[in-house]
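Reader: I am new to this structure. Please take me closely through one part of it, in short steps.

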Amino acid sequence: MIPRQLILLMLIPMSVSAQQVLFEAPQGLEEYRLTLGTQIHRTASVSLGDIDGDGDLDIITANGRHWPEENMVFLNLRGIFRIAYPFGDERSTSYACELADLDGDGDLDIAEGNDMAPSKIYLNDGKGKFSFHGYFGAISPTRNLKITDIDLDGDMDILVANRGSANLVCYNDGKGNFPRSEPLGESTSTIDIEVADLNRDQFPDVILANRDDQPNQILINNRKGGFESPVFFGGAVDSRSVAVADFDKDGFPDIAMGNLNAENLVYFGDDRLDFSRTVAFGKKGEMAFAVAVEDFNRDGSPDIICGNNGDPLTLYLNTGDGHFERQSVGREGYKTYDIVAGDINGDGLPDIILANSHELSFYIRNRYKSGKE
């Protein structure tokens, strides 16, 4: 007997528009290999990178959310995830996991962000096996992580999004240790963090997506290891996710916000940094849990993929000027907490990977062929 979750995957069809056929979802027994294993998890985060040094993209997942579960590594072998194993000896209440070279040895390590439990660093041996190295930040209601060199000292720091306490920036000592942490912004209900050089001064700035009637914030890097006073934008919209790209090709980064019970919005950047010009994507009432940006049809314009809570996965194709055409990808809806794009099967096209809670997580192959089937 086929499990219910796999039957649901078979029912996801390809889009039928001749101009917009982009993706092939799992459609039969042979396509079960596109899933990340066969176990149902409360998966909240997924991260891509070549962790074993063989040239393709592997996956790690953060599982559990408020309940302790094993976090997993999935090794890519010819476009299919044929090997999986947990990283770490303990089950954790994990909301986030991110890959980056934290100790400067050239391979990808893991930062694991946990809800009301210690957040951890795992170092890679260069072949995709990880060992616990230490902790970072403070025990807090962590919801997301962003890894970047925020102080431009040559190593990777960790930004921590917390819902219920202050956000943190954890500074790397260059060896994968994080002895110093400082508050990040004024929000205490952040769900997602993004980084971009918004004012084009070569220093990374920070965007906070906030919930619980707290407006979204922009933190401009003061070039001295800290940030200027927050710039508020968007009002109390209850945002869940954020991504950044230059959607209208004017040279300024724009901000795409996925919102709950409100239209999703792109806020267009300019030299004033007020982000007052907007365009909507999506429908009011959709619960946008995750957004990601990629040029899916290779036309030179960044598109938006949106994972929703209960509604089908939705693609917004950029018309070239920062406006979007909507395309549903499949019929089934999932509780998608995270979504990323990357070329899983090595064909040069970005595929989509979904981190689903209470359903199988899986990836969808991009089958775009220059607008033709």
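Author: What follows starts at one pocket and moves out to the strands around it.

This is a predicted model, where local features need pLDDT of at least 70, side-chain atom pairs count only at pLDDT 80 or more, and totals for chains, interfaces and linings use all residues. Residues are numbered from 1 along each chain as its sequence is written, and side-chain values use heavy atoms, with hydrogens and water left out.

The largest pocket has a volume of about 810 Å³. A pocket here is an open set of points on a 1 Å grid over the protein atoms alone, where a 1.4 Å probe fits, with protein on both sides within 12 Å along at least five of seven lines; lining residues have an atom within 4 Å of a point. The volume is the space filled by probe spheres set on the points, which are joined across faces, edges and corners. The lining counts 37 residues, and Val46, Glu98, Asp338, Ile339 and Val340 are the closest to the centre. Elements that give two or more residues include strands S2, S10, S14 and S22. S22 gives the most, six residues. Strands are DSSP runs (E, at least two residues), numbered from the N terminus.

Take S2 next. Seven of its nine residues are buried, meaning under 20% relative accessible area (1.4 Å probe, protein chains only). S2 pairs with S3 (residues 58-63) over six bridges, in the antiparallel sense. Two strands pair if DSSP finds at least two bridges between them. Threonine 43 has asparagine 63 as its bridge partner in S3. Two bridges join S2 to S25 (residues 351-359), also antiparallel. There, arginine 42 stands opposite serine 357.

S10 belongs to an open sheet of four strands, in the order S10-S11-S12-S13, with antiparallel pairing. S10 (142-148) and S13 (180-183) each have a single partner strand, so one side of each is left without a neighbour in the sheet. Four bridges join S12 (residues 168-171) to S13. Valine 169 stands opposite glutamate 182 in S13.

S14 (residues 190-196) holds threonine 190. Threonine 190 is buried, with a relative accessible area of 0%. The side chain of threonine 190 makes a polar contact with that of asparagine 167, at 2.8 Å. A polar contact is a pair of N or O atoms within 3.5 Å; within protein, one must be able to donate a hydrogen and the other to accept it, and residues adjacent in sequence count only if both atoms are side-chain atoms.

Key
Buried means under 20% relative accessible area, exposed over 50%, partly exposed in between (1.4 Å probe, protein chains only).
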